[in-house]
Amino acid sequence: VGGKPGMSGAVRLAGEAALRVGAGLVSVLTAPGSVAAVAARPELMVYGSDDAATLHELASRCDVLAIGPGLGRDDWSERMFEAALATRLPLVVDADALRRLADVPRLEPRDWILTPHPGEAAQLLGYDATGGNLRVQNDRLGALRALTARYGGVVVLKGAGTLVGREGDVPQWCAAGNPGMAVPGMGDVLTGAIAGLQAQLRDPWLAARLGVFVHACAGDTLAPRGERGLLASEVATELKHWVNP
């Protein structure tokens with residue numbers, strides 16, 4: 001769910017990544033003005049609607065719901081965010097949906113996977129806007145533990161050396177990945193990969209760790225041809241080779 005006009009590429013990348021890891025049927029609910037851009041990937045089932053009831057209808061046929069890529073911060077995004085929380089489906093929450101979660105925190109434990117970058121993590125923890133990002137980066141493990149304590153579920157703290165944690169388990173660290181992956185859209189691909197794996201594995205802890213790993217390995221496979229100029233869409237395509245024997 002996402003992709004308001006001007007940001008349709010984000011939700012399309014997430015949908016394509018879910019397809020590439022083998023999710024099967026992938027539906028994208030987007031703003032009406034974004035349908036054509038997202039539907040350019042013909043394998044995606046694309047629905048454009050301003051009505052949150054459409055989300056509930058689609059959710060009744062889904063195993064997992066990912067929300068946030070290109071969601072925006074307008075009335076449409078608020079309606080879709082509230083509707084997504086109301087479904088009680090396993091959720092993957094990213095980007096603008098994380099910012100909405102920070103604005104109106106839900107402290108009850110949820111079967112969700114949160115995928116913040118350091119800036120979003122700072123917002124989720126209520127850190128000062130001017131120094132919050134640096135505070136997270138200076139103690140990434142501490143920030144991860146604070147996030148899992150406050151929000152429950154599984155937290156993927158993105159960045160150089162992505163961390164994956166949940167309460168009661170030893171935090172996991174991903175050593176793969178490269179600087180060329182610090183480009184727009186890369187987080188959207190990760191969201192789609194995790195959601196697609198969650199739909200198959202039915203285990204958010206495993207899906208988050210595996211999604212982070214195959215995403216990083218896909219980026220590293222492409223890096224020898226040049227890190228500079230690496231595109232998120234290229235990583236999405238490469239995911240296929242890391243989820244097959």
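Start by selecting α1 and α9: α1 passes α9 in a right-handed crossing. Keep in mind as you click around that this is a predicted model.

**Stop one: α1 against α9**

α1 covers residues 8-20, and α9 is the helix at residues 186-201. Draw the two axes and you'll find them 7 Å apart, with the helices packing at an angle of about 40°. Now show side chains. On the α1 side, pick A10, L13, A14, A17 and A18; what they meet in α9 is D188, V189, G192, A193 and G196. Colour that contact by class and you get seven nonpolar residues, two polar and one charged.

**Stop two: α9 against α10**

Stay on α9 and add α10, residues 204-222. The axes of α9 and α10 come within 8 Å and cross at roughly 135°. That makes α9 oblique to α10. The handedness here is right-handed.

For the contact itself, select M186, V189, L190, I194, L197, Q198 and L201 in α9. Facing them from α10 are P204, L206, A207, A208, L210, G211, V212, V214 and H215. Sorted by class, the α9 and α10 contact holds 13 nonpolar residues and three polar ones, with no charged residues. Leave V189 highlighted for a moment: V189 meets α10 here, and V189 is also on the list of α9 residues that α1 meets.

**Stop three: the largest pocket**

Next, switch on a pocket view and go to the largest one, with a volume of about 740 Å³. The lining has 32 residues; centre your view on K158, M181, A182, M186 and G187, the closest to the middle of the pocket. M186 should look familiar, as one of the α9 residues that meet α10.

Which helices each supply at least two residues of this lining? Select α1, α5 (95-103), α9 and α10. The largest share comes from α9, with four residues. Colour the whole lining by class and the split is 16 nonpolar, 11 polar and five charged.

**Stop four: the second largest pocket**

Move on to the second largest pocket, which holds about 580 Å³ of space. There are 27 lining residues, and those to zoom in on are L25, V26, S27, C62 and V64, nearest the centre. Elements giving two or more residues to this lining include the strands β1 (27-30), β2 (45-48) and β3 (65-67). Add the helices α1, α3 (52-59) and α9, which also give two or more. By class, this lining has 21 nonpolar residues, four polar and two charged.

So α1 and α9 turn up on both pocket lists: at the largest pocket and at the second largest.

**Last stop: α4 against α5**

Finish with α4 (residues 75-87) and α5, whose axes come within 11 Å and cross at roughly 80°. That makes α4 roughly perpendicular to α5. Pick S77, E78 and F81 in α4, then A97, R100 and L101, the α5 residues they meet. By class, this contact divides into three nonpolar, one polar and two charged residues. With α5 still selected, you can step back to the largest pocket, where α5 supplies at least two lining residues.

Key
Residues numbered from 1 in each chain as written. Predicted model: local features only at pLDDT ≥ 70, side-chain atom pairs only at ≥ 80, totals over all residues. Heavy atoms only, no water. Axes fitted to C-alpha atoms, helices over the stretch in contact; angles between N-to-C directions. Parallel < 35°, antiparallel > 145°, perpendicular 65-115°, else oblique. Left-handed = near helix turned anticlockwise from the far one by under 90°. Contact = heavy atoms within 4.5 Å. Nonpolar A, V, L, I, M, F, W, Y, C, P; charged D, E, K, R; others polar. 1 Å grid on protein atoms, 1.4 Å probe; cavity = no way out; pocket = protein on both sides within 12 Å on 5 of 7 lines; lining within 4 Å. Points joined across faces, edges and corners; volume = space filled by probe spheres on them.
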